[in-house]
Structures are given as structure tokens and as C-alpha cells.
Amino acid sequence: MIVWFIAAFTAYFVKGLCGFANTLIFTAILSFGAANANISPVDVLLGYPANLILTWKNRRSLDPKVILPLAILVLAGSIPGALMLRNVDARPVKLVFGLVVIALGMEILAREYSKKRDRSSKWVLAIIGVTAGMLSGLFGVGALLAAYVSRVTENDESFKANISAVFIVDNTFRIIFYKTLGLLTPETVKTVILLIPFALSGLFTGMKCCGHMNDKIVRKITTVLLILSGISLVLKNL
């Protein structure tokens with residue numbers, strides 16, 4: 001159980017710092033000794049209060065023009081994602097999505113270093129949004145959501161506020177979905193209760209550290225984590 005405590009603190013420290021990647025860290029640490037079917041439901045329940053806290057803290061930066069279209073796209077993508085989960089071999093899908101995430105992360109990083117900030121195409125954003133919903137519906141991975149939101153927000157507070165709000169919508173869908181599949185059990189809830197103090201302490205520590213860091217540095221760290229999440233998906237499914 002000590003490994004679970006370490007995973008919860010570390011994953012939500014990163015969440016507090018960058019606004020996402022908790023699932024990547026949490027799963028990466030625990031996947032050597034636990035099945036994904038046991039990890040994901042715990043992470044969804046832990047992530048719910050974390051997303052509520054980040055959304056509330058950065059509530060002044062909430063933008064319905066960002067949240068509503070992406071929430072609709074995520075839910076629309078989650079439906080075929082759930083169907084694919086039952087009928088399609090997941091490995092090649094993860095591999096392709098991993099390559100897409102790496103490409104998007106590299107493009108975002110290039111834009112961070114570029115003096116010219118071009119406006120993203122609405123068609124490109126729509127494709128990223130639907131694909132993000134499918135990826136999240138399939139595997140609970142928020143990498144493409146982060147790629148989308150980073151393209152339509154200008155600072156760290158705006159990024160965290162809007163991505164956390166979308167994660168709340170996504171988490172709500174997944175909690176209902178997992179409950180339907182019988183993956184949310186009393187044992188899952190007991191595990192979450194034990195892990196909540198570690199997750200929240202990690203979250204608030206990450207938020208505190210973020211407050212002392214330059215906004216551009218945080219965005220670059222976020223982008224690097226995005227690229228690493230894509231690399232992780234590719235390496236795990238080669």
C-alpha cells in the first residue's frame with residue numbers, strides 16, 4: 001500500500017503544478033503491480049475533488065467558449081470511445097494516439113518558442129477535441145485534452161481552470177460508465193478514502209510550488225509532460 005501512497009502524492013503534486021498528467025503518473029507507478037481495471041476507477045474518484053479545487057481556485061479564468069464546445073466534443077467522443085473499448089484491439093489505437101500526442105506536443109512547444117502566435121484553425125481544434133474525447137473515453141488519458149486547451153488559453157490560470165472544468169464533465173461520465181461496468185466497488189471506495197490525504201497534500205504542494213514559478217516555465221513543463229505521455233503510450237504498446 002505504500003506504493004499507492006507514493007503514487008497518489010506524486011501524481012497529484014504534478015496535477016497541482018500543471019493541471020493534468022495525474023493519470024499518466026499514477027498509472028505509470030502502479031502498473032507494474034496492479035491491473036489497469038483496478039487503477040483507473042481509483043484515479044477517477046481521486047481526480048474529482050482535485051478538479052473541483054483547481055476549477056474553484058482559478059474560477060475567474062473560466063471561459064464558457066472554451067469549456068462548452070470541448071465538453072460536448074469530449075462526451076461525443078466518449079461514446080464511440082466506449083464502444084471501441086469493447087470491440088477494438090486497444091494496442092494499435094493507443095499507439096496511433098501516442099504518436100498524435102507527441103506531434104501535437106512538439107508543435108505546441110515550437111509555438112512557445114516562436115514569437116509569432118498563429119490562431120488555431122477551428123477544424124483542427126474540432127478534430128483534436130473529438131479525438132481527445134475518444135482517447136479519454138477509451139483510456140482516461142487527458143493528454144489530448146491538454147493539447148486542445150493549451151491552444152485556446154493564454155496563461156496557466158486559464159489553462160488549469162478550463163481543463164479542470166472539462167475533466168469534471170469527463171470524470172462524471174466515466175464514473176457512471178465504470179459503475180455500469182461494475183468497476184466501482186466498496187473496495188475501490190475504501191482505497192480512495194485511504195489515498196485522499198496523500199492526493200490532496202500532493203495537490204496543494206504542487207499548487208504552492210506553481211505559485212512561485214514563472215508562468216512560461218509552467219507551460220513548458222506542461223508541454224514536456226504532454227510529450228512524455230505520448231512517448232509512454234507508444235512505448236507501452238509497441
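**Legends to close-up views of a ten-helix chain**

**Overview: the order of elements.** Read along the sequence, the chain runs α-α-α-α-α-α-α-α-α-α, with ten helices and zero strands (DSSP runs numbered from the N terminus: helices are H or I of at least four residues, strands E of at least two). This is a predicted model, in which local features need pLDDT of at least 70 and side-chain atom pairs count only at pLDDT 80 or more, while totals for chains, interfaces and linings use all residues. Residues are numbered from 1 along each chain as its sequence is written, and side-chain values use heavy atoms, with hydrogens and water left out. Of the 238 residues, 51% count as buried (under 20% relative accessible area; exposed is over 50%, partly exposed in between; 1.4 Å probe, protein chains only). Among contacts (heavy atoms within 4.5 Å) with a separation of 6 or more, 83% join residues 24 or more positions apart.

**View 1: the bend in helix α9.** Helix α9 covers residues 186–210. Its 25 residues reach 35 Å from first C-alpha to last, close to the 36 Å expected at 1.5 Å a residue (1.5 Å times one less than the number of residues). At Leu195 the helix bends by about 45 degrees (the angle between axes fitted to the seven residues ending there and the seven starting there). Pro197 follows within four residues. The buried residues of α9 include Leu195, Ala199, Gly202, Leu203 and Gly206.

**View 2: Val234 in helix α10.** Val234 lies in α10 and counts as buried, at 11% relative accessibility. Not counting residues up to four places away in sequence, Val234 touches Leu95, Gly98, Leu99 and Ile102. Val234 and Ile102 are 132 residues apart in sequence, and their C-alpha atoms are 9.3 Å apart in space.

**View 3: Leu109 in helix α5.** Leu109 is found in α5 (residues 90–113). Leaving aside neighbours within four places in sequence, Leu109 is in contact with Thr223 and Ile227. The C-alpha atoms of Leu109 and Ile221 are separated by 9.7 Å, at 112 residues apart along the chain.

**View 4: a nonpolar surface patch.** Val224, Leu228, Ile231, Leu235 and Leu238 form the patch, with about 470 Å² of accessible area together (Shrake-Rupley method, 1.4 Å probe; for residues, only the protein chains shown count as cover). Patch residues have over 30% relative accessible area and no salt bridge (a side-chain nitrogen of Lys or Arg within 4 Å of a carboxyl oxygen of Asp or Glu); like charges are joined within 9 Å, nonpolar side chains (Val, Leu, Ile, Met, Phe, Trp, Tyr) within 5 Å. Leu228, in α10 (residues 215–236), is partly exposed, with a relative accessible area of 44%.
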